[in-house]
Every structure is written in C-alpha cells, then in structure tokens.
Amino acid sequence: MPTSFSAKVARRSIALLSSAALILCGSSAGANPNDSVDVIIHGGTIHDGGEGAPFVGDVAIREDRIVAIGPDIPRKAKRIIDAKGMIVTPGLIDPHTHADAFLRSSVRGERLNAPWLYQGVSTVMIGVDGAGTPDVAADAERLVRSGIGTNVVPFVGFGPVRQRVLGQDARAPTDAELGAMKALVAKGMCEGATGFSTGLFYAPQSFATKAEVVAVAREAAVRGGLYDTHQRDESSYSIGLLGSVEEAIAIGRQANMPVHFAHLKALGVDVHGQAAAVISAIEKARAAGIEVTADQYPWLASGSNLDAALLPRWALDGGGAALLKRLDDPATLARIRDEMQENLRRRGGAEALLLIGQGYPWVGKTLEEVAAEWKLDSRDAALRIIRQNIAVKQRGDNGGGTAVASFNMAQADVDLFMQQPWMVTSSDGSAGHPRMFASFPEKYVRYVRERRVISLTTFIRQSTGRTADIYKLDRRGYLRPGHYADVLVFDPNTYAPQADYIRPRELSVGVRQLFVNGQLAIDGGRATGVAAGRPLLRPLPANCAQKMQ
C-alpha cells in the first residue's frame, strides 16, 4: 500500500478483520449435530436459496449457525417454531441500498434498520452509487459499537474518493492526484470493502473519463473487488443507454474485474423498448468471459432528485455555490432552462415527477402541480426548489428537498430484465420512495403471485443465493449446515407491501420470523429490538498484508 495508508489504520483494519475471523470460526458450526439446539423451525416449505425444488422440513439453529436441515430433525431444542404453511428461506440480501441514514442514526431504534427487517432482509450493501467512504475500517468499527439490525457489506466509492482529491471540479486529475485517488481505493479495499462503486451519472463523478475510472478501478480489481456501477447514462442524457452499457463492460474488461449494473433499467421515452438490446450486449460480454450481472427494483418509477434529473451536468461544476452564480447570470440561466426542457421531455414531462422529499410543503405533489400553484413554468418551479435546497445545505442541514419519484419505465422492459438468469433483486431504498420499505414484498405480490412474471423459486433465488454468489458473501445466502443463521419465515398469503407513493414509509407485513446471525430480529411479526447485525468485511487480500508488514 502507499505510505498514506498509515500503520494505525492498518492495525485497526487487521484487528477488525481478526475479530470477524473469530466469529467465522465459532464453535457452533463444528458442534455435534445430536446435541441440543437453540431453535428448530419445524414443518415449513424450505427454499434453500439454490435452484433445487423446495421441500417440507426443519431447520435447526445453534448460536449463530445452521446445524441441520431435513425432514423431522430428531433434536431437543430450547424453542420449536411451528412453520407449517410458511415459506422458509435464507434471509434476503439487498445489494443496493441507501440505508445509511438508519444505520448511522443517533437513535438506536432506527439503527435496527426496520424498513429492511420487515421485508425479511438480513443483509444490505452500502456505499453504492459511488458514495462509499474509503475509511471502511473506521466506519465498520462505529457500526459495531453502536449496534445495527442488519448485516452490512461496504463498498469504497468513487464519489468521496474524487471529491477528497479534486473537490467538485470538472477536470482531469494530474498524475499525482490520480495516484492519490488510487491510494484511497486501495485503502478501502484493504480495510474490507467488497468492491469499487461508481455513480457516473452524478456530478462530480460524471466529470471523469472512462480512462480515469479504469485506472482507479484497477486498485480494487487487483484486490479481488467487483465493479458496481450506476452507469453513466440509463437514458439519452449523454452517451445513451447502449453506449453506457458498453462503457461499463469495457471498464470491467480493461480493469480485469466483474461488472455489476446497479438498478438496471431503460429510463425515459427515448429508450423504452431497448431492454432486449441491453440484454444482448450483456450476454455477448458474458459469452466472452466477462462476469456481468445486474440488480433491479420492481417499480416503474425511479428515485432521484431534481438536480440530477433536470440540470445539465456542466451547470453542476464546482458545486452549489457555483450553480447559484450561473443561475444569477441571465444568459447562462437561459441556456440551463433550454436544456432542462429537453430533460423534462425525456422523463415524460413535469406530470411524471412526483416530489417526495420529507418535511417540505410540496411533498406528494407533482412538479406540474407545484408549478401551477406557484404560477410558474415547471422549470422555474424546479429551480426555485433547487435554490432553496442549496440554501438549506449551506446552513449545515442535509437538504433532501429536491427528491423525486420519476415515472419513466415501461412495464415490458421491467419484465424482460427481471427474467434474466444474471438478475437479482434490490431496493435502491431512499427516503420518500416506497422502494425503501416495500421492494421485496412488492416483487413477490405483483410479479410472482399476481402477474406470474417469475416463479416463487426464482424470486427467492434472486433475493438470496444468487446475490450471495455475485458478491462472494461467505456462508450467506443459503440454508446449509455450517452457514450463518440468517433465516426468514414468511406467510405466503400475507407477505405484502404496505407502502406506496402516497404513504411511502409504511412497514411491510407477512414476515413471521427473521433470524440475523442466529438471533431473532423479527418474532411473531414484530421487531424484537435485538441488534444482531455485523459488518461483513472481505478477508484481507494478500497484496495488502505484504505492504503492512
């Protein structure tokens, strides 16, 4: 590692990873299966996370491990859970979340991550869209000290890395600056990140060339990391959806690492119907030996903000203060408004943008409705909200007033993506959008039970074992002896979303029990208050250990 990776951080990372290793080698996995166990989940229909047929049987748990699976396990148990008529699966895994506000909250109850627990999710990925801190070890330590409800898998993100070196500037790095960025990514990987995440649609990451991304991504690749990307263009903003797919695949090929597309979609009227072409490009890459996978949420509306959805990228160079100066210049404002009109068109118009930020008077209204109330053009109404949000941030608050649900996807594209063998389920859960509270049960109800786009086995596979395989999660995602006891019991008749676009914060229903590392996080349909989650850090790569000796 470069010298910027201090010995103190190295020792802290090693200590944290050593603690994880002790957990990994805990006594329960090797215990005598004939001994008494803590829990037997009896008589449920078991889907083990793989591709095999379900079967009726039992799951035995001791401490944090599954010790046996089969029909009528003859064991003593401190507790037997009657799961007859229930579905028993591995705890669900959400590979793309914005659960940070919950996990890092000062309120213990929020750190339990209830929106995910009530969906049956036991493990979430954070740091996605290029947002992950390179200070992975320090962040993991904070999560351990504070106590969290779900397991957490971190990414090191291009956004904080680039901002730490280049700020918000739209320029190429010098050789020294590129070296500094590479060192930060190497640091994050050597502290346990599972891969390198980018959000090339968002400024300032959008200012980076493909060559810059490849150079930085290689630091994750040589340490066994995966390239997870919110690709540069899901629509027709810049290089187009198909051009963006090819760029992401090329980054993976040139950096020599697997590629994972976050929340894969065809966004906006210009690219509706292009799902088949995207699938063809991915299949071609896979046939050439590149590991390419994707995740998807089961909604027709994406979640974004007015800045990203409507403003041209050049207007965001330098951050909020620079944007305000441009808006105060009449000629520049006119240019911005012209480009905003085109961005409104590609997203289906102001009537297709539902404002969802919390605590603002426009929440629950479309941009079209707000503009009518204010007697403004839709673009000017959006700019008024953006200006106010910048002012809120300058006062030290988090902002969030520009959040929108953007109704921009075609059902046929969503269905086709969902049926691919390399697709998994995600929420992209963010405040104000029902996907934070309801993505997994929404997919089950709408796409399995009602519309039968996929089977129940496929739904479970896409939410458990296949996801664990993509991210190489150690002994997670399957119901197997010796695996960690992340186990979900849900009622197939009542498992359902309660959140919608009008009431986005309603907890889902139908989860009877959810075990996280062998402890009940949900019991009888209610949260227990137990904080059993853990940061799941990747083992220390050999090329990190050598540098830290």
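Tutor: On a 1 Å grid over the protein atoms alone, a cavity is a set of points where a 1.4 Å probe fits but cannot get out, and its lining residues have an atom within 4 Å of a point. The structure discussed here is a predicted model, in which local features need pLDDT of at least 70, side-chain atom pairs count only at pLDDT 80 or more, and totals for chains, interfaces and linings use all residues. Residues are numbered from 1 along each chain as its sequence is written, and side-chain values use heavy atoms, with hydrogens and water left out.

Student: Which residues line the second largest cavity, and how much space lies in it?

Tutor: Its lining consists of H47, D48, G49, G50, G52, T457, I460 and R461. About 40 Å³ of space lies within the second largest cavity, a volume being the space filled by probe spheres set on grid points joined across faces, edges and corners.

Student: How is the lining of the second largest cavity divided by class?

Tutor: There are 1 nonpolar, 5 polar and 2 charged residues. Ala, Val, Leu, Ile, Met, Phe, Trp, Tyr, Cys and Pro count as nonpolar, Asp, Glu, Lys and Arg as charged, and the others, Gly among them, as polar. I460 is therefore nonpolar, while D48 and R461 are charged.

Student: How many cavities does a search of the whole structure find, and what lines the largest?

Tutor: The search yields 2 cavities of 30 Å³ or more. The largest holds about 50 Å³ of space and is lined by T194, G224, G225, L226, P258, E291, I470, Y471, K472 and R538. That lining comprises 4 nonpolar, 3 polar and 3 charged residues.

Student: How many aromatic pairs are found, and what makes F201 and Y237 edge-to-face?

Tutor: The whole structure gives 14 aromatic pairs. The ring centres of F201 and Y237 are 5.2 Å apart and the planes meet at 70 degrees, so this pair is edge-to-face. The cut-offs are centres within 6.5 Å for rings of Phe, Tyr and Trp (its six-membered ring), with planes under 30 degrees apart stacked, over 60 edge-to-face and the rest tilted.

Student: Which parts of the chain does this pair tie together?

Tutor: F201 belongs to the loop between β10 (195-199) and α8 (210-221), and Y237 to the loop between β11 (226-230) and α9 (241-255), so parts 36 residues apart in sequence are tied together. Helices (H or I, at least four residues) and strands (E, at least two) are DSSP runs, numbered from the N terminus.

Student: Are F201 and Y237 buried or exposed?

Tutor: F201 has 8% relative accessibility and counts as buried. Y237, at 21%, is partly exposed. Buried means under 20% relative accessible area, exposed over 50%, and partly exposed in between (1.4 Å probe, protein chains only).

Student: Why are F490 and Y495 classed as they are?

Tutor: Their ring centres lie 4.7 Å apart with planes at 40 degrees, so the pair is tilted. Both F490 and Y495 are buried, and they form one aromatic cluster with Y444 and F459.

Student: What makes R346 a charge over the ring of Y237?

Tutor: R346 lies over the face of Y237, 4.7 Å from the ring centre. The criterion is NZ of Lys or CZ of Arg within 6 Å of the ring centre and within 35 degrees of the ring normal. The charged end of R480 likewise sits over the ring of Y478, at 4.0 Å from its centre.

Student: What is notable in the backbone at P204 and D129?

Tutor: A203 and P204 are joined by a cis peptide bond with omega of about 5 degrees, and P204 is in the loop between β10 and α8. D129 is not a glycine, yet has a positive phi of about 55 degrees. D129 lies in the loop between β7 (121-126) and α5 (136-146) and, with a relative accessible area of 10%, is buried.

Student: How do you know that β19 and β20 pair, and where is N517?

Tutor: Two strands pair if DSSP finds at least two bridges between them; β19 and β20 have 4, in the antiparallel sense. N517 is in the loop between β19 (511-516) and β20 (519-523). These strands form a hairpin with 2 residues between them, and N517 in the turn has a positive phi of about 50 degrees. At a relative accessible area of 3%, N517 is buried. F515 stands opposite L520 in β20.

Student: What links β20 and β21?

Tutor: β20 and strand β21 (residues 526-527) pair in the antiparallel sense over 2 bridges, and I522 stands opposite A527 in β21. They too form a hairpin with 2 residues between them, where G524 in the turn has a positive phi of about 65 degrees.

Definitions and conventions:
On a 1 Å grid over the protein atoms alone, a cavity is a set of points where a 1.4 Å probe fits but cannot get out, and a pocket is an open set with protein on both sides within 12 Å along at least five of seven lines; lining residues have an atom within 4 Å of a point.
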